[in-house]
Amino acid sequence: MSLLAGLQMFNRFLQTSLQTSSELRAMNPTYPTGAYPPEAVALQGRGPDGFSGQPGVPTGVQYTTVNIPAEPPKDYIIWSFINYFYGNICCLGLAAFIFSIKARDRKIVGDHQGAQKHGSTARCLNIWATVFNSVLILIVLIVCIVVSVKIDGAMHSMPSNSYNNRYNYGK
C-alpha cells in the first residue's frame, strides 16, 4: 500500500465521519447558530492594542508561574518503631516514635512546615538511637568473646582432678 493510497483512504474516512453543522444543530439544540463576532473570540497573540509583534506596538512580557507540589516531609515512623521496640536506650526510641507520630499528624492536617520540623527531630533522635544500639551490641559481642576466651583458657590451665586421672578421662 503506497503512501498516496493511504492518504486517500484517510481523506475518505474524514469526509464520511465529519458531520455538517445542520446535523450538529439537530443533535444539539444549543449549538451556536451564528458566527461569533471577531472581537469576542480571543486570538493567540492578540491583545487590546492589536497584534503583538507589530512594529511600534509595545509588547509586554508575560510570566507563567507553575507551582510544583513539593514532596511531603518524611516522618520516619518505621525507623522510630524499630528503635522503640528493639533498642530503646535512654528512651531515645520512644522520643523518636512520639516525634514521628507528631510529624505524621502535621502532615495529615496539611502543616508541612511543622511536619518537616518534627520529622527532622525524629530523624536526629533515630540516628542517635541507632548509633547507641550499634555500640551497645558491639560492646556485648566483644565482652562475650573475651569472656568465652578467658573461660576456655582457664579450663585448659586448671589442674585435672583425681577423678579424671583415675579413669584417664580427657587424655
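## Tour starting at C91

Select C91 first: this residue sits in the loop between α3 and α4 (92-109). The model on screen is predicted. Residue numbers count from 1 along the chain as its sequence is written.

**Stop 1: C91**

What is the sign of phi at C91? The phi of C91 is positive, about 60°, although C91 is not a glycine. Most residues other than glycine have a negative phi. With a relative accessibility of 45%, C91 counts as partly exposed.

**Stop 2: the whole chain**

Clear the selection and color by secondary structure. The chain contains six helices and two strands. Following the sequence, the order is α-α-β-β-α-α-α-α.

Switch to a surface view. The accessible surface of the chain amounts to about 14400 Å², and carbon and sulfur atoms hold 64% of that area. Of the 171 residues in the chain, 12% are buried. Among contacts with a separation of 6 or more, 51% are between residues 24 or more positions apart.

**Stop 3: helix α4**

Select 92-109, which is α4. This helix has 18 residues. From the first C-alpha to the last, α4 reaches 26 Å, close to the 26 Å expected at 1.5 Å a residue.

Which residues of α4 are buried? Show L92, G93, A96, F97, S100 and A103 as sticks; these are the buried residues of the helix. Now turn the view to look down the helix axis. The buried residues of α4 fall within an arc of 130°, so they line one face of the helix.

Go on to G110, which follows α4. The phi of G110 is positive, near 110°.

**Stop 4: D75 and its partners**

Opposite charges on side chains can pair when the charged atoms come close. How many salt bridges does the structure hold? There are three salt bridges in the structure.

Select D75 and R104 for one of them. Here the closest N and O atoms are 2.6 Å apart. D75 belongs to the loop between β2 and α3, and R104 to helix α4, so this pair ties together parts that are 29 residues apart in sequence.

Add K107 to the selection. The side chains of K107 and D75 also meet in a salt bridge, at 3.9 Å from N to O. K107 lies in helix α4 and D75 in the loop between β2 and α3, so the pair links parts that are 32 residues apart in sequence. D75, R104 and K107 are thus on screen together, and they are linked in a network of salt bridges.

Is D75 buried or exposed? D75 counts as buried, at 7% relative accessibility. R104 is partly exposed, with a relative accessible area of 36%. K107 is partly exposed as well, at 25%.

**Stop 5: D111 and R106**

Select D111 and R106, which form another salt bridge. Their closest N and O atoms are 3.1 Å apart. D111 is partly exposed, with a relative accessible area of 29%. R106 is also partly exposed, at 36%.

**Stop 6: Y76**

Return to the loop between β2 (50-51) and α3 (77-86), and pick Y76 there. What is unusual for a residue that is not a glycine can be read from the backbone: Y76 has a positive phi of about 55°. Most residues other than glycine have a negative phi. Y76 is partly exposed, with a relative accessible area of 24%.

**Stop 7: N126**

Select N126 in helix α5. N126 is buried, and its relative accessible area is 0%.

Which residues does N126 touch, leaving aside those up to four places away in sequence? They are Y76, W79, S80, N83 and A96. Two of these names have come up before: Y76, with its positive phi, and A96, one of the buried residues of α4.

**Stop 8: S120**

Stay in helix α5 (residues 112-157) and select S120. S120 is partly exposed, with a relative accessible area of 41%. To finish, put a distance label between the C-alpha atoms of S120 and K74. The label should read 8.2 Å, for two residues that are 46 apart in sequence.

How values were computed
Predicted model: local features only at pLDDT ≥ 70, side-chain atom pairs only at ≥ 80, totals over all residues. Heavy atoms only, no water. Helix = DSSP H or I, 4+ residues; strand = E, 2+ residues; numbered from the N terminus. Buried < 20%, exposed > 50% of the residue type's maximum accessible area, 1.4 Å probe, protein only. Contact = heavy atoms within 4.5 Å. Areas by Shrake-Rupley, 256 points an atom, 1.4 Å probe, with all protein chains shown as cover. Expected span 1.5 Å × (residues − 1). Arc of directions from axis to C-beta. Salt bridge = Lys/Arg side-chain N within 4 Å of Asp/Glu carboxyl O.
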